[in-house]
Amino acid sequence: MDPNVNEKFTQKDGDISGRTSNSSLQGTLRNSMSLPPPPPSDSLLNRYNRLLDLYPLKTKMITAACVSAFGSALGSYLSATNAEQRSRNRHQNLGVSPSSKSALSKINWIDVLSYALHSGLIQAPICHYWFEWLSVNGPKSNTASVLVDQVMVQPPLLVLMFICLDIFRANMRRTLDLFRKEGILSQALANAGPTVVASWRFWPFAVYFTFKYLKKKHYTVALNLCSVAWTVYLSKTSGAGDVDNK
């Protein structure tokens with residue numbers, strides 16, 4: 001065969017393959033340009049998941065501290081608002097107009113910091129290692145795991161929480177009298193008794209659905225989000241007790 005003919009066929013095949021590559025590249029670019037960009041929330045969630053994979057304990061500690069601080073601030077604000085409303089109603093019956101507090105002054109910042117320190121430095125590490133151990137060595141049934149968690153671990157954690165909160169408040173108020181008070185442990189036990197009963201109306205459901213539908217690395221994060229409602233309840237209860245004692 002004539003070498004010139006072979007050369008022409010080769011050039012023609014190259015032109016066809018080149019046009020095919022260019023057309024496929026243009027089609028890919030056209031399709032990629034038509035796709036919507038990923039939502040910002042998705043990228044934020046992915047970044048948070050990567051932090052959970054790379055730094056699980058630190059991420060859970062920071063998350064627990066922030067969430068508990070928010071829950072305590074919200075609870076103390078609602079408690080102060082309700083107390084202020086009751087006081088305003090009493091003063092209106094007497095024909096006196098009471099002074100109103102600002103939003104920031106209604107928040108018990110000592111409690112906010114106490115809950116943040118306890119959740120970030122104490123509760124989050126305990127929960128992290130406890131759920132790691134429970135997922136490997138605990139019962140295979142989610143229901144049995146919830147029973148083990150609520151009966152064996154939850155009551156001591158609540159006692160520890162009240163002790164830690166009292167200690168943090170005492171230190172931040174610079175009062176050694178409260179720290180050395182003999183009734184701290186008995187008071188924590190007395191407070192934990194009804195609180196344990198109240199927790200069994202909330203936490204078993206939260207822990208069960210967390211175990212059932214989420215991955216192990218999301219356990220502590222999901223329960224931290226559930227603890228917003230729980231911390232609001234605790235903060236409102238302690239705030240109502242403080243108001244009644246005054």
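In this predicted model, Ser 227 has a relative accessibility of 7% and so counts as buried. The residue belongs to helix H9. Setting aside neighbours up to four places away in sequence, Ser 227 is in contact with Val 67 and Trp 203. The second of these partners is a handy guide to what follows: Ser 227 and Trp 203 are 24 residues apart in sequence, yet their C-alpha atoms are 8.9 Å apart in space.

Trp 203 also takes part in the largest nonpolar core, which has 25 residues. Among its members, Phe 131, Met 161, Trp 203, Val 207, Phe 211, Leu 223 and Trp 230 touch the most others. Two or more residues come from each of helix H4 (109-137), H5, helix H7 (184-199), helix H8 (203-213) and helix H9 (219-245). The most generous contributor is H5, with eight residues. A second core, separate from this one, has six residues, including Ala 65, Ala 69, Ile 107 and Ala 116.

Helix H5 spans residues 142-172 and holds Gln 154. This glutamine is buried, because its relative accessibility is 11%, under the 20% cut-off. Beyond the residues up to four places away in sequence, Gln 154 touches Asp 149, Ser 199 and Trp 203. Ser 199 and Trp 203 appear again among the contacts of Trp 230, which also include Leu 158, Thr 195, Ala 198 and Phe 202, once neighbours within four places in sequence are left aside.

Helix H8 offers a clear picture of two sides. Its buried residues are Trp 203, Pro 204, Ala 206, Val 207, Thr 210 and Phe 211. Because these residues cover an arc of only 165° around the axis, they lie on the same side of H8. Phe 205 and Tyr 213, on the other side of the helix, are exposed. The ring of Tyr 213 has a charged companion: the charged end of Lys 212 sits over this ring, 5.7 Å from its centre.

Aromatic contacts add further detail, with ten aromatic pairs in the count. Trp 203 and Trp 230 form an edge-to-face pair, with 6.2 Å from centre to centre and 70° between the planes. Since Trp 203 lies in helix H8 and Trp 230 in helix H9, the pair ties together parts that are 27 residues apart in sequence. Both tryptophans are buried. A tilted pair is formed by Phe 211 and Tyr 219, with 4.8 Å from centre to centre and 50° between the planes. Phe 211 is buried at a relative accessible area of 8%, and Tyr 219 also counts as buried, at 12% relative accessibility. Ring pairs further link Phe 202, Trp 203, Trp 230 and Tyr 233 into a cluster.

Finally, a word on the cysteines. The structure holds zero disulfides. Cys 127 is buried, with a relative accessible area of 13%, whereas Cys 226 counts as partly exposed at 23% relative accessibility.

Terms used:
Residues are numbered from 1 along each chain as its sequence is written. This is a predicted model: local features need pLDDT of at least 70, side-chain atom pairs count only at pLDDT 80 or more; totals for chains, interfaces and linings use all residues. Side-chain values use heavy atoms; hydrogens and water are left out. Helices (H or I, at least four residues) and strands (E, at least two) are DSSP runs, numbered from the N terminus. Buried means under 20% relative accessible area, exposed over 50%, partly exposed in between (1.4 Å probe, protein chains only). Contact means heavy atoms within 4.5 Å. A nonpolar core is a set of buried Ala, Val, Leu, Ile, Met, Phe, Trp, Tyr and Cys residues joined through side-chain atoms within 4.5 Å. The arc is that of the directions from the helix axis to the C-beta atoms. A disulfide is a pair of cysteine sulfur atoms within 2.5 Å. Rings of Phe, Tyr and Trp (its six-membered ring) pair if their centres lie within 6.5 Å; planes under 30 degrees apart count as stacked, over 60 as edge-to-face and the rest as tilted. A charge sits over a ring if NZ of Lys or CZ of Arg is within 6 Å of the ring centre and within 35 degrees of the ring normal.
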